Amino acid sequence: MATFTVPHIRIDAISSSVPEKEMRLTDDPTLYGGNEKQLKRVMKSSGFDKRRVTDDKTTTADLCAAAAQTLFDAHIIAPEEPDALIFVSQTPDYQIPATSCVLQKRLNLREDVVVFDINHGCSGYVYGLFLAASLINSGCKTVLLLVGDTVSKFTDMFKNGSAPIFGDAGTATVVRYDENAAPIFFDIGTDGEGADAIMAKNGGFRNPPEPDMFYEDGTFKYDSVMDGMRIMQFTLDRVPASIEKLLTFAGKNKEDVSSFVLHQANKLILQNVAMSLDVPFEKMPMETLSKYGNQSSASIPTAVCDVLREQAEKTSADYVFCGFGIGLTWASCLLNLDHIFCPEIGIYKGEN
Amino acid sequence: MEKEQIIEGIKDLLDTEADLNEGTVLDDIEEWDSLASISVLAFFKQKMGLKIEAQALKDCKTVGDILKLAGK
């Protein structure tokens, strides 16, 4: 199970917003203990180079609000239109309440609107699409899906050298009911045994903040873990299988799919997934991660805005989206994008 | 592809100065990490058309174990 067909779903727009500050892996001389050779090897094989990171004040909600504002300004959607707002992120503004409540007011949405947050990372965009599509099948006409992360704020991932690869971004997607739209097909799964393969252990209610959970510079010790070997193994075991299952379920061939837009985890992983599926590299975008880093839940919509803009705006074509990682979870979908609004990636320069 | 060529290929992938032979323990190689192992999977697929399972590679302890996966 865990395959679903959701009919009558049209994606009308996808936008992405990234912070102004750009960093390069070579900017930090302490990375990999100052081992230049190791850094070069990582850059070459993983494809990582540049990334965008927020300042101390900017949050995921700011980036998502900016991405949504782009769509309001272009009159793709009016603030009073959404029947539901979904905010998918692992970097919310507050412990409580849900950031989606704050965003309802901030974006001037109606009061009779369904809002909720979803805590998912790398697979979060496809999860968000699944929930948006499900809400539409429950009677909503329009859902505003805001998906993003500012993983750079898990500062000790950078201190311990496990994750100098993450970039920040917020995205907005408009999902609408359309009697004539093609269905979206989904394959979704979870392997909770791998929950501790990517984890920030401190700061929740299992390990609440204690005085000894701070570095000398005052930043918090999240005690972040990233077990590269396990994640890689999980990805190669699960992702090609999920995509194959999805295609079979949808009754489509690989040739029917114009692009396979996967979570921008790293270049080597994507190349291996492509080889495993016998999909040519040209049909699997990988360059976004070199420019923007691994953007967690925001990487799929940002990749669409980065490299598939023209195609998405000017054609009708089928795509496979697949997110995978933290959880450990995976979520794949096959959908049609028919002349959507897909603006260039916006640069967030702070509130005016 | 001969054993020696595969070992040379792995050495190139890892960009290591270490002297590799069948008995070399992978964890003793400074450059052996998740990126390295995924490079090895790609190497087998691209150069030899071999599809190696990630789990099988993870179970390898030595360079010789990797060669066995490649049927050598």
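In the predicted model, helix H3 of chain A, which spans residues 99–106, has among its residues A:Thr99, A:Ser100, A:Leu103 and A:Gln104 as buried positions. When H3(A) is viewed down its axis, these buried residues fall within an arc of 145°, so they line one face of the helix. An α-helix has 3.6 residues a turn, so residues three or four places apart point the same way. The buried residues of H3(A) pack against helix H2 (60–73), strand S5 (84–88), strand S6 (114–118) and S7 of chain A. The helix is followed by A:Asn108, for which phi is positive, near 60°.

Helix H7 of chain A, covering residues 267–277, is mostly covered, in that ten of its eleven residues are buried. The buried residues run from A:Leu268, A:Ile269, A:Leu270, A:Gln271 and A:Asn272 to A:Val273, A:Ala274, A:Met275, A:Ser276 and A:Leu277. Their cover includes helix H1 (36–46), H6, strand S12 (257–262), helix H8 (288–292) and S13 of chain A, together with helix H2 (34–48) of chain B.

The largest nonpolar core comprises 68 residues, of which A:Ile243, A:Phe260, A:Leu262, A:Met284, A:Phe324 and B:Ile66 touch the most other members. Helix H6 of chain A (residues 228–250) gives the most to this core, contributing nine residues. With residues up to four places away in sequence not counted, A:Ile243 touches A:Phe260, A:Leu262, A:Leu277, A:Val320, A:Cys322 and A:Ser332. A second core, separate from the largest one, consists of 46 residues and includes A:Val143, A:Ile300, A:Ala312 and A:Cys342. In soluble globular proteins, nonpolar side chains tend to be buried together.

A:Phe185 is found in strand S9 of chain A (residues 184–190) and is buried, with a relative accessible area of 13%. Leaving aside neighbours within four places in sequence, A:Phe185 is in contact with A:Phe4 and A:Thr5, with A:Leu246, A:Phe249 and A:Ala250, and with A:Ser332, A:Cys333 and A:Leu334. By contrast with these contacts, the C-alpha atoms of A:Phe185 and A:Gln264, which are 79 residues apart along the chain, are separated by 21 Å.

Over all chains, the structure holds ten aromatic pairs. In one of them, the rings of A:Tyr125 and A:Phe321 have centres 6.1 Å apart and planes at 45°, so the pair is tilted. Because A:Tyr125 lies in helix H4 (residues 124–137) and A:Phe321 in strand S13 (residues 316–325) of chain A, this pair ties together parts that are 196 residues apart in sequence. Both A:Tyr125 and A:Phe321 are buried. In another pair, formed by A:Phe154 and A:Tyr222, the ring centres are 4.9 Å apart and the planes stand at 75°, so the arrangement is edge-to-face. A:Phe154 lies in the loop between strand S7 (142–149) and helix H5 (155–159) of chain A, and A:Tyr222 in the loop between strand S10 (198–200) and strand S11 (224–226) of chain A, so the pair ties together parts that are 68 residues apart in sequence. The two partners fall on either side of the 20% limit for burial, since A:Phe154 is buried at a relative accessible area of 18%, whereas A:Tyr222 counts as partly exposed at 23%. Ring pairs further link A:Phe154 and A:Tyr222 with A:Phe214 and A:Phe220 into a cluster.

Aromatic rings also take part in arrangements with lysine side chains. The charged end of A:Lys141 sits over the ring of A:Tyr177, 4.8 Å from its centre, and A:Lys221 lies over the face of A:Tyr215, at 5.3 Å from the ring centre.

The contact between the chains takes 22 residues from chain A and 24 residues from chain B. About 1,800 Å² is buried between chain A and chain B, and carbon and sulfur atoms give 59% of this area. Of the area that chain A buries against chain B, 33% is supplied by A:Lys37, A:Arg41 and A:Met229, which is more than any other three residues supply. On the side of chain B, B:Glu31 lies in the loop between helix H1 (3–14) and H2 and, at 8% relative accessibility, counts as buried. With residues up to four places away in sequence not counted, B:Glu31 touches A:Lys37 and A:Arg41 of chain A, as well as B:Leu14, B:Asp15, B:Thr16 and B:Ala36.

Note on methods
Residues numbered from 1 in each chain as written. Chains lettered and ligands numbered in written order. Predicted model: local features only at pLDDT ≥ 70, side-chain atom pairs only at ≥ 80, totals over all residues. Heavy atoms only, no water. Core = buried A, V, L, I, M, F, W, Y, C linked by side-chain atoms within 4.5 Å. Buried < 20%, exposed > 50% of the residue type's maximum accessible area, 1.4 Å probe, protein only. Helix = DSSP H or I, 4+ residues; strand = E, 2+ residues; numbered from the N terminus. Contact = heavy atoms within 4.5 Å. Phe/Tyr/Trp six-rings, centres within 6.5 Å; stacked < 30°, edge-to-face > 60°. Lys NZ or Arg CZ within 6 Å of the ring centre and 35° of its normal. Arc of directions from axis to C-beta. Buried area = accessible area lost by both parts, 1.4 Å probe.
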